[in-house]
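The following exercises are to be worked with the sequence and the coordinates at hand. Each task is followed by a solution in steps.

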Amino acid sequence: MHKLYATNRQLELQAQNLRRQTLSELLCGADKSVRAERLQFYFDSIHLDASKQRLTEETLELLLEWALQCGVEKQRDDLFGGKALNTSENRAALHFSARWPINASAPQSIFGTVKFCAEQRQKMAHLVQQIHSGKWRGVTGEPITDIVHIGVGGSDLGPKLVSETLGDAGERRITSAHYVSTMDGSQLLPLMQTLNPATTLLVLASKSFSTVDTQFNVRTALAWLSEQLSISTEELRKHQVLGVSARPERMDAFGIPESHQLQFPETIGGRFSVWSAIGVSVALELGMETFETLLSGAHAMDQHFQKAPSAQNLPILLGIIGAWNTQFLKIPTHLVLPYDGRLNKLPPYLQQLEMESNGKTVRAGSSQASQVTCPIIWGDIGPNAQHAFYQLVHQGSHEVSADFIAVAKRTTNASCSVSEHLVAQTKLTLANCIAQSQLFALGDDAITGNLAATTDKGYRGNQPNTVIILETLDAWSLGALLALYEHKVFVQSILWGINPFDQPGVELGKKLSTSLYQVFSGNRTASEVFSGDLVDDSSTRLLVE
Ligand code: F6P
């Protein structure tokens, strides 16, 4: 404990010193090439450049020491050993089991979960094959052409991100998948106006199988199918719904036959579930092989996280650098900037992954964290953001940190001359990514002669950033990238002493809105609800009335 305190103190002193220096001084100083080279890290085809972070090699060594003292290596081994790290729910966090290679041996402690996930993956492959081959048909006997995946949060963001990224990355689309999450039905409405009800399969994805957003969307979708096909919703549940959940008894009660159910264990949290049966819509859209490749990329990152020395371990490095920015340099927000339009859904995916996991101040064991924890994660496709909020980043008053994510090579099956243009666009995008990373770091100093600094339009610079370059964007690299962020989040949770696997802060909102919904649907009066479930504050009362 004493050692940990001393390391923290040293890091605070480092931060004080580094706050007095600019990134220009660090990046353009006498030892600039040595520094840049030492802050490059690699795993397979993924390159992580941390040289534009506001730290020195000494800082990094201290951060690694800090991580060791906080127990990162031990807890990582506990995670993979199946220890119940999710203490509030008294269970392990076994999302990595869902991407365990079939036939590879697994430690005894997680063997049961690995086996269960593998069995469900085989069942998933069978169902996907049945649908693709036209053996599983809609209730009127027509083959399935479209899937409407209904889920929210982790039951939506992961598969939607993967479907969209890889669908646009040239993977052949076998069936069209459409994603519906918003509880207001607004995403469902246009689908009901365009899809053929006879050839549309509903994928009902919900770990708990009780989330109202999803339940209401399914109810509406079933009503549409029933009305259009003149078949009862009971019958439709038997033939045109595929259920995915950790609660088979609720799928039974809903009327989905066991043969149309896929399960995943309670030990896989919603925001970590894309690897499980929740990913069935990815497999339906892009094929089982692509889904398997995604899993193998993620598994390769698991192995790297477990085996690589800390000083070269990408998840540990990303975790400690992020914590350095938030806790020691006190930078409150972190930008995610993919320089590839196919990664459009990465920022919202990471918002849930990071903020639902580590957006907590109560430490495991109920004490209050004495330092700040998860930063606010925000972002957009980098080139689009350049025309929107970069103004604030460059000349506003806020400090930010950022991850730039770029793709070096693009393969297309477009015709020769179109291909040439696309290659030029990839180069243009990379040029923008690297230029912006420099501008974030150096500000006006990025320009030789420092002309701009003499005007009153100075670029602030000093915004630390990491550049992550994927050689290509494919199922394997996407799997590895997402697992990298999952483990980064886990590393930070250890540094901050919080449980990243629960989400108690989302419950109260659900309770209050259930009560108000009863008022709006005429089942209870406002007075009843305000004298019972909700505090009678004048603002809320006025809105309700
Ligand atoms: O309310 C938050 C949350 O529980 C997320 O953690 C989860 O991903 C989402 O709701 C959806 O939950 P479910 O998959 O149980 O419908």
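Helices (H or I, at least four residues) and strands (E, at least two) are taken as DSSP runs, numbered from the N terminus. On that basis the chain, a predicted model, has 22 helices and 11 strands.

**Exercise 1. Overall dimensions**

Determine whether the radius of gyration of the chain agrees or disagrees with that of a compact globule.

Solution. The chain has 545 residues, for which a compact globule would have a radius of gyration near 24 Å. The chain has 25 Å, which agrees. Along the principal axes, the C-alpha atoms fill a box of roughly 75 × 70 × 55 Å. Of the 545 residues, 44% count as buried. Finally, among contacts between residues at least 6 apart in sequence, 74% join residues at least 24 apart.

**Exercise 2. Helix H6**

Compare the expected span of helix H6 with the distance between its end C-alpha atoms, then state which residues of H6 are buried and what covers them.

Solution. Helix H6 comprises 25 residues, 108-132. At 1.5 Å a residue, taken over one less than the number of residues, H6 should span 36 Å, and its end C-alpha atoms are indeed 36 Å apart. The buried residues of H6 are Ile110, Thr113, Val114, Cys117, Gln120, Arg121, Met124, Leu127, Val128 and Ile131. Their cover includes strands S5 (200-205), S6 (241-245) and S7 (261-263), together with helices H12 (280-286) and H13 (288-307). Just after H6, Gly134 adopts a positive phi of about 80°.

**Exercise 3. Gln122**

Classify Gln122 as buried or exposed.

Solution. Gln122 lies in helix H6. A residue is exposed if 12 or fewer other C-beta atoms lie within 10 Å of its own. Gln122 has 11 and is therefore exposed. The C-alpha atoms of Gln122 and Lys238, which are 116 residues apart along the chain, are separated by 21 Å.

**Exercise 4. Strand S5 and its partners**

Identify the strands joined to S5 and establish whether its faces are covered or open.

Solution. Five bridges join strand S3 (residues 146-150) to S5, and the two run parallel; Val148 has Leu202 as its bridge partner in S5. Four bridges join S5 to S6, again in parallel, with Gly243 in S6 as the bridge partner of Leu204. As to burial, six of the six residues of S5 are buried. Thr200, Leu202 and Leu204 lie on one side, and Leu201, Val203 and Ala205 on the other, so that both faces are covered under the burial criterion of 20 or more C-beta atoms within 10 Å.

**Exercise 5. Strand S8**

State how many residues of strand S8 are buried and which strand is joined to it.

Solution. Six of the seven residues of S8 (residues 333-339) are buried. Four bridges join S8 to strand S9 (residues 376-379), and these strands run parallel. Val336 stands opposite Gly379 in S9.

**Exercise 6. Positive phi in loops**

Locate Asp44 and Asn90 and assess the exposure of each.

Solution. Asp44 is in the loop between strands S1 (40-43) and S2 (46-52), and its phi is near 50°. With 15 other C-beta atoms within 10 Å, Asp44 is partly exposed. Asn90 is in the loop between helix H5 (72-80) and H6; its phi is likewise positive, near 50°. Asn90 has 7 other C-beta atoms within 10 Å and is exposed.

**Exercise 7. The ligand shell**

Describe the residues around the ligand by class.

Solution. The ligand is surrounded by 14 residues, the closest being Gly153, Gly154, Ser208, Thr211 and Gly270. By class, the shell has two nonpolar, nine polar and three charged residues.

Technical notes: Residues numbered from 1 in each chain as written. Predicted model: local features only at pLDDT ≥ 70, side-chain atom pairs only at ≥ 80, totals over all residues. Contact = placed C-beta atoms within 7 Å. Near = placed C-beta within 6 Å. Nonpolar A, V, L, I, M, F, W, Y, C, P; charged D, E, K, R; others polar. Rg over C-alpha atoms; globule rule 2.2 N^0.38 Å. Pairing = 2+ DSSP bridges.
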